Structure formats: structure tokens, C-alpha cells
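Me: I have a two-chain model open and want to go through it. Can you take my questions as they come?

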Amino acid sequence: MSSVSELYQSVILDHNRTPRNYGRLEGDARRARGYNPLCGDECTVWLKVEGDTLADVRFEGQGCAISKASASLMTMAVKGKPVAEVEALTERFHSLVTGRLTEAEQQALPARLQVFSNVAQFPVRVKCASMPWHTLKAALAGGDAPELVELK
Amino acid sequence: MTATVPVLDVGLVRAQFPILSTTAHGRPLVYLDSAATTQKPQSVVDRLTRYYERENANIHRGVYALSADATAMYDASRARIARFINAGSEREVIFTRGTTESVNLVAQAWGHATLRTGDEIVVTAMEHHSNIVPWQLVAAQRGAVVRAAPVNDAGELDLEGFRTLLGKRTRMVAVVHLSNALGTINPVKQVAELAHAAGALVLVDGAQSAAHLPIDVQDIGCDFFAFSGHKLFGPTGIGVLWGRESLLDRMPPWQGGGDMIGTVAVEGSTWAPLPAKFEAGTPHIAGAVGLHTAIDFLAGLDQGAVAAHEHDLLAYANERIGSIAGVRLIGTAREKASVLSFTVEGVHPHDLGTVLDADGICIRAGHHCAQPLMRRFGLVATARASFSVYNTRDDVDALAAGVAKAKRLLA
């Protein structure tokens, strides 16, 4: 197992203490809530799509440093991106935290997401990192209706 | 003249638990999660091995000696358990898979036959989900209602609030003896008196208490008492439901199958007498045999010395962890045992759990299967260290150092 300092890199600690894009989107924003019944952690993602672009995204949640930093860094990585690109990135992030990307594939990811590569060494924490992305995916798919993502 | 408190030789106790001399991530294992499951002494491990190597046979069936011997061992375990909890009769001791199954058995066998629309089941706000959900299931089937007695800020049962919930419709009071999430010891004897005065039955969840408090079901005065083997130094998958014989006799069977029948005809069947009526199918024979040895292990220790040792550990942890800046202790009941639940400002319990794990320290982080209680304290999760007879002050010191490390890293 990697040391905990490799898991809790300074970028993750920073985003845990000061999450970016934290709060709600008003108006006709799409919304989805993610919930991990095993630990009780939760995350709600609001987003607005304009044309083919994810124009804005914000989140609120209660959770550990990994989940909060993951949500914060996710919003920065996807905001203003084409929806198709966001969907592809969601898949690649999941592969990253489950240890299924090659070194080269990891380095092709945005730098701020690469800090989660060590999560794969901590299997019980994978869901913490991936929950915000599952919730984002649900919000994108769910249209205007709130959707509950139950993670097992 | 003062009585001398016997001192527990913890080194000798620890030497009986092989897992305590292993390492986790290259560090000596510091096991502080005995409320989840206790570690197993060598005697229990050896007993299971011997059973499977030399004594294995199905019970109540064979005409051969091996089967008769296995049956005798299974029955001997039941007798040992009856003595351990001071049951009036061995017929009152039902083997189950654990506390959860014991509660479900009562909820279904008693509840399904007894509850009517509008009847009430009173639990407390500090129950484990396993003493809430089985009642919700049967309540939904029968149109009954589950109500929860309040808990005060110290994590104690609010007896006045409890009393006001008792009424003509109260049929069952289901209460935890020793809270897994807070360590609170509930006044179960008083609860039983109040419940009986209101005409209700009482089930006590003894999952935690069986390993930490002397259990005398007759003295408590409850009607049902449930506990698990694996929290009592025994194997997983074996547990006990104790019930008053007169009640168990009137209850219909819960599960049907072999061993629980008198005679079977396609037109209808009759049931075996207690305890077989509630033990359909081949039971966890090795588990029962192992639980016998586990109880012998615990009973073989000086009970006064064990109590003094565990009291000292909790007091030390309370002081040592409670004095760390930013730590909030959850559950400060006057009557408390074996559990230290806490939060650390700026450090989520799961992150604390990960940091501690890297140093070989095992704690529980989460809602402890007690979400209503977490909500009561405005929390989603806490960190929980729980102690057993094999823990030491050194373990508490390691925990304190780990909490400080997590604070440096994360807060």
C-alpha cells in the first residue's frame, strides 16, 4: 500500500479545505444526488447544459477529504467542456481510480485529476473518489428530474 | 478494610490471541474494533479445527457414534449458554445465525402472529438497524407502528420520554443493552419493569453486552435476549435467542424444514418441542461448539479483573483522546462501557480511518448501523474505537498519536 501522504496530496488537501464551485445552481439546472449507504456520505451536483456544452456545474455534499476534493476537482475539469468529452472523461476517471490506466493514459488526463491515481491503492476509498462522477453522470442523463444514485 | 481488585495479566491474555502478534502494513496490529467483531483465542481456533478434523457429523440423525457425539457437543454448548446467561431451562436457548437473526425470529414468529392494526412497538433512538428494521418489516405486514424513545445529549435513554411512549397499544419494547455506537449501558431492568407494567413484552439486544457485562436474563426480567457468538470471542454465523419458555411455546415456527417437525404429512405437519421448533435445517454445529469454548475462555478469566481492566482502558481513552484539541466525544453517559465514539474537527472519520490503518490501527468509521442516532447528534459519521479484554493503554497511546498525525495532515 502507498503511504497516506501519497493518497492525500497537497492538491487534494487544498480542495478538501477550500472546495471550488461549491453551492447550488438556481433556475432550471439539472440536479442529481449521490449517496453512499455504506458510509452515509452524500453529494449533490447541479449543472446546466447549453447546446452540446456543459456550461456550468456546482456541487454540495458531506463527505471525506477524498470525495470532497474529487467533486471540487471534477467541477473544474468539466466546466465549459463538450458533453461528449465530459462523458469520456467520466469513464477514464473511473478507470484511473480502479487502477486500469497505463502510465501513458494517466498522463494524458488533466493534471488535476492525476492526483487521484493513488486511490487505486486504497480499495475501500475508490467509491469516495468516484461518487461525484457517478452523480455527475446521473445529472447529465436525468434531465430536469432529480435522480438518486445508490452506490453499492 | 478495602477489597483488593484483582489485576488482569493482559500479556497472558494477549498471548492467547494469535492475530495480535501479526502486523498490518508492516506495523504491529492495534485492533480497536472489537464492537464489530472480537478476535479469537487459540482455544476457539483449535476447537473448530479439531471439530472439523476429527468430530464432524450431522446431528440428530445418525445411528453411529460420530453423529451421536456431535449431537452431544451441540447440546452441551446449549447447556453452557443457558448457564452463561442464567436461563431457566436449556429449552429456552435457540441457536441462530446471530443477533440479527434472533431479532428477526421474534419479529416474525411472535410479531406476525400477535400484532394487530394500530399496535405499537417501542424501540429507542440508539438502536442498531438490526433492532429497528425487523420491527418495521413486521409492522408493515400487520399495520403496526414503530416508535422510538428519545436519547438525551449525553447519549442516555430519556426514561421520561420512554415512559410517555408506553400505552395500551404497546406490545413490544425492543432495547439495546449496551450501545454499539456510544457505549451507553441502558437500565434494561428498569425498562423491563416499565414495559411489563404497560402490558408489553421486552426484547433486549445483547450483541455488545454479552462480552462486557454479566448477563442474567432472569434478573433483567426481559422476555427475549439476543446475542452473537462472534462478538464474544466465538465464530461468526452462530448466535443465540433466549426467550421465556411459555412465550416460545405459544409462538408458531418461523422457518420450516428438517429438525423442526414432529411428523410431516402432505395434509399438514406438527412441530417439534423447544428448542428444535425454531432450528430448522442443519445448524452451524461447529459454530455452536466453538461458542462453547469461547464462553469457557471468557468465564475462565477473573470477571472482576476483566471489568476493572476494561473500565481503566475506557477511562484512559476518554482522558487521552478527549483532551486532544478538536475532538468531540459522542456519548458521555454516566453508565458506559467499551466504546469511545468521537469526531475530530476538520478530519472526516473515513480519512482518520485511512490514516490510522496505514499505521496498523483498526477503528470503525461510519454510522455504525445507527443512522437515527447519528441524526440525533447532527452527524453522518463518527470514528469509533472499541475495546476488549486484550487491549492495552499502549493501544490507546497509538490511537492518540494517530489522531494527532491525521490532524497534522488533514485539519
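**Cores and interface**

Reply: Starting with the cores: in this predicted model, the largest nonpolar core has 78 residues, of which B:Ile81, B:Ile85, B:Phe162, B:Val173, B:Phe225 and B:Leu232 touch the most other members. A nonpolar core here is a set of buried Ala, Val, Leu, Ile, Met, Phe, Trp, Tyr and Cys residues joined through side-chain atoms within 4.5 Å; buried is under 20% relative accessible area, exposed over 50%, and partly exposed in between (1.4 Å probe, protein chains only).

Me: Which helix gives the largest share of this core?
Reply: Helix H10 of chain B, residues 285-299, with nine residues. Helices (H or I, at least four residues) and strands (E, at least two) are DSSP runs, numbered from the N terminus.

Me: What does B:Ile85 touch?
Reply: Leaving out residues up to four places away in sequence, B:Ile85 touches B:Ile215, B:Asp216, B:Val217, B:Phe227 and B:Trp242. Contact means heavy atoms within 4.5 Å.

Me: Now the interface. How many residues of chain B are in contact with chain A?
Reply: 15 residues of chain B, against 20 residues of chain A. The two chains bury about 1400 Å² between them, 58% of it on carbon and sulfur atoms. That is the accessible area (1.4 Å probe) that two parts lose on being put together, summed over both.

Me: Which residues in chain B lose the most area to chain A?
Reply: B:Thr354, B:Val380 and B:Leu409, together 34% of what that side buries.

Me: Which side chains meet in a salt bridge?
Reply: B:Asp351 and A:Arg125, at 2.8 Å, N to O. The rule finds one salt bridge across this interface, taking a side-chain nitrogen of Lys or Arg within 4 Å of a carboxyl oxygen of Asp or Glu.

Me: Which elements give two or more residues to that side of chain B?
Reply: Helix H12 (349-358) and helix H14 (393-410) of chain B. H12(B) gives the most, with six residues.

Me: And B:Leu356, buried or exposed?
Reply: B:Leu356 is in helix H12 of chain B and counts as buried because its relative accessible area is 0%. Beyond four places in sequence, B:Leu356 is in contact with B:Ile361, B:Ile363, B:Leu399, B:Gly402 and B:Val403.

Me: What are the ground rules?
Reply: Residues are numbered from 1 along each chain as its sequence is written, and chains are lettered from A and ligands numbered from 1 in the order in which they are written. Local features need pLDDT of at least 70, side-chain atom pairs count only at pLDDT 80 or more, and totals for chains, interfaces and linings use all residues, while side-chain values use heavy atoms, with hydrogens and water left out.
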